[in-house]
Every structure is written in structure tokens, then in C-alpha cells.
Amino acid sequence: MQVVKLLVSLIFLQVLVACSESDDSELIHLVLHSKNECELIFKAENFSVVENFCDTEQRPILIKVDDRQIRSDWIDEKTSRFLFQEGCASTDECFYEMSMSGDGVRGRFSYRINMTEGEYRFEVGASGQPKVLSKSSKDIAS
């Protein structure tokens, strides 16, 4: 009977741990790598995101994962343009965290720009259709 109780306890513990693990643990951290007159470029080892503000005839977001590319419409154009205009408080305070999700990507963008901080969570399908899942923003005290 003790063996059965121990076995049930171990199974319960494994299920509890598996259910409490966050999908965010799989996310790759992409930092602001560079900015020029037209682009913001975020990079990590196998990921990159290029936001293009000059060539608006095409889809302005290019996501590269390994050897795959996804072109997307703006995920959150207002935040991207604000970042492009005002810049981050520091380069490590504006970043993407992303991972593969089926044929597309999922992730979040976190920022601290001037006296504002926030984030949004999103998905971009293989067809390039973005979807904002949640969004938050607040002013911070000086």
C-alpha cells in the first residue's frame, strides 16, 4: 500500500510540474542589434526581426528563423513607430522573446521607452498574419 501511495504521489508531482511550466521558458531573447535611417534590427543566435519603416509597400516586418523567413504586417505599428522615433531607454530594455509555433512564431515584445514601459504578446502565422494576444502599457515615475 505504501508503494502505491508513493507511486501516486510521484505521478501527481510530475503532472503538477508539467502543468506549471511556462511556455516562456522556450522563448529566445532577441536584443536591439542596430538602427539605421529605415530599420530596427533585433537579433539572437538563430532568430532576427527586421522592422522596416521606409519600404512600406511590402510587409514591413521580416522574421528570420534559421533558414526560414516570414514577412508580416505590423504586429503593433504604434509601439514600433514610437520606438523608432524615441528609442529605448537602453538597448537591453527593448527586446523580443520568440519561439517557433507550428509554421509560425509566437512571443512577446517588451519595451521601456522614455517614461513608458509595456509589452505585448503575439503570434505570427506562416502566412504573415499577426495577432496581438495581449497588450499592456504604463507610465513610470521619474
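**Notebook: a look through the sheet, its disulfides and two polar contacts**

I started at Thr 116, where the side chain makes a polar contact of 3.4 Å with the side chain of Asp 139. A reminder to myself before going on: this is a predicted model.

**Thr 116**

I looked up where this residue sits, and Thr 116 is found in strand β8. Is Thr 116 buried or exposed? Its relative accessibility is 14%, and the cut-off for buried is under 20%, so Thr 116 counts as buried. Next I listed what it touches, skipping residues up to four places away in sequence. The list has Phe 82, Tyr 111, Ser 137, Lys 138, Asp 139 and Ile 140. Asp 139, the polar partner, is therefore on the contact list too.

**Asn 114**

I then stepped back along the chain to Asn 114, which is in the loop between β7 (104–113) and β8 (116–124). Asn 114 has a relative accessible area of 41%, so I noted it as partly exposed. Which residues does it contact, leaving aside neighbours within four places in sequence? I found Glu 86, Gly 87 and Ile 140. With Glu 86 there is also a side-chain to side-chain polar contact, at 3.0 Å. I checked one backbone distance as well: the C-alpha atoms of Asn 114 and Cys 88 are 6.9 Å apart, although 26 residues separate the two along the chain.

**The disulfides**

Cys 88 made me look for disulfides. How many does the structure hold? I counted two. Numbering the bonded cysteines along the chain, I get the pattern 1-2, 3-4. A note for myself: a disulfide is a covalent bond between the sulfur atoms of two cysteines.

One of them joins Cys 38 to Cys 54, with 2.0 Å from S to S. The angle about the S-S bond is -90°, and the link of Cys 38 and Cys 54 is left-handed. What does this pair tie together? Cys 38 lies in the loop between β1 (28–35) and β2, while Cys 54 lies in the loop between β3 and β4, so the bond ties parts that are 16 residues apart in sequence. I compared the burial of the two ends. Cys 38 has a relative accessible area of 19% and is buried, whereas Cys 54, at 44%, counts as partly exposed.

Cys 88 and Cys 94 form a disulfide too, and their sulfur atoms are 1.9 Å apart. This link is also left-handed, with -135° about the S-S bond. Here I found both ends buried, Cys 88 as well as Cys 94.

**The sheet**

Then I traced the strands. They make an open sheet of nine, in the order β5-β4-β3-β2-β1-β6-β7-β8-β9, and the pairing is antiparallel. Which strands stand at the edges? They are β5 (68–72) and β9 (130–139), and each has a single partner strand, so one side of each is left without a neighbour in the sheet. From one strand to the next, the twist averages 20°.

I also looked at what lies against the sheet. Helix α2 (residues 77–86) packs on it and touches β1, β2, β3, β6, β7, β8 and β9. The helix direction makes about 45° with that of β7.

For the middle of the strand order, I looked at β1 and strand β6 (residues 94–101), which pair in the antiparallel sense over four bridges. One detail I wrote down is that Leu 30 has Tyr 96 in β6 as its bridge partner.

**Strand β3**

I ended with β3 (residues 47–52). How many of its six residues are buried? The count is six of six, so the strand is largely enclosed by the rest of the structure. I checked the faces one by one. Phe 47, Val 49 and Glu 51 are buried on one side, and Ser 48, Val 50 and Asn 52 are buried on the other, so to speak a strand covered on both faces.

The neighbours of β3 came next. Strand β2 (residues 39–43) runs antiparallel to β3 and is joined to it by five bridges. A hairpin of three residues connects β2 to β3, and Leu 40 stands opposite Glu 51 in β3. Strand β4 (residues 61–65) is likewise antiparallel to β3, again with five bridges. There, the bridge partner of Phe 47 is Val 65 in β4.

Terms used: Residues numbered from 1 in each chain as written. Predicted model: local features only at pLDDT ≥ 70, side-chain atom pairs only at ≥ 80, totals over all residues. Heavy atoms only, no water. Helix = DSSP H or I, 4+ residues; strand = E, 2+ residues; numbered from the N terminus. Buried < 20%, exposed > 50% of the residue type's maximum accessible area, 1.4 Å probe, protein only. Contact = heavy atoms within 4.5 Å. Polar contact = N/O pair within 3.5 Å; in protein donor to acceptor, adjacent residues only side chain to side chain. Pairing = 2+ DSSP bridges. Disulfide = S-S within 2.5 Å. Axes fitted to C-alpha atoms, helices over the stretch in contact; angles between N-to-C directions.
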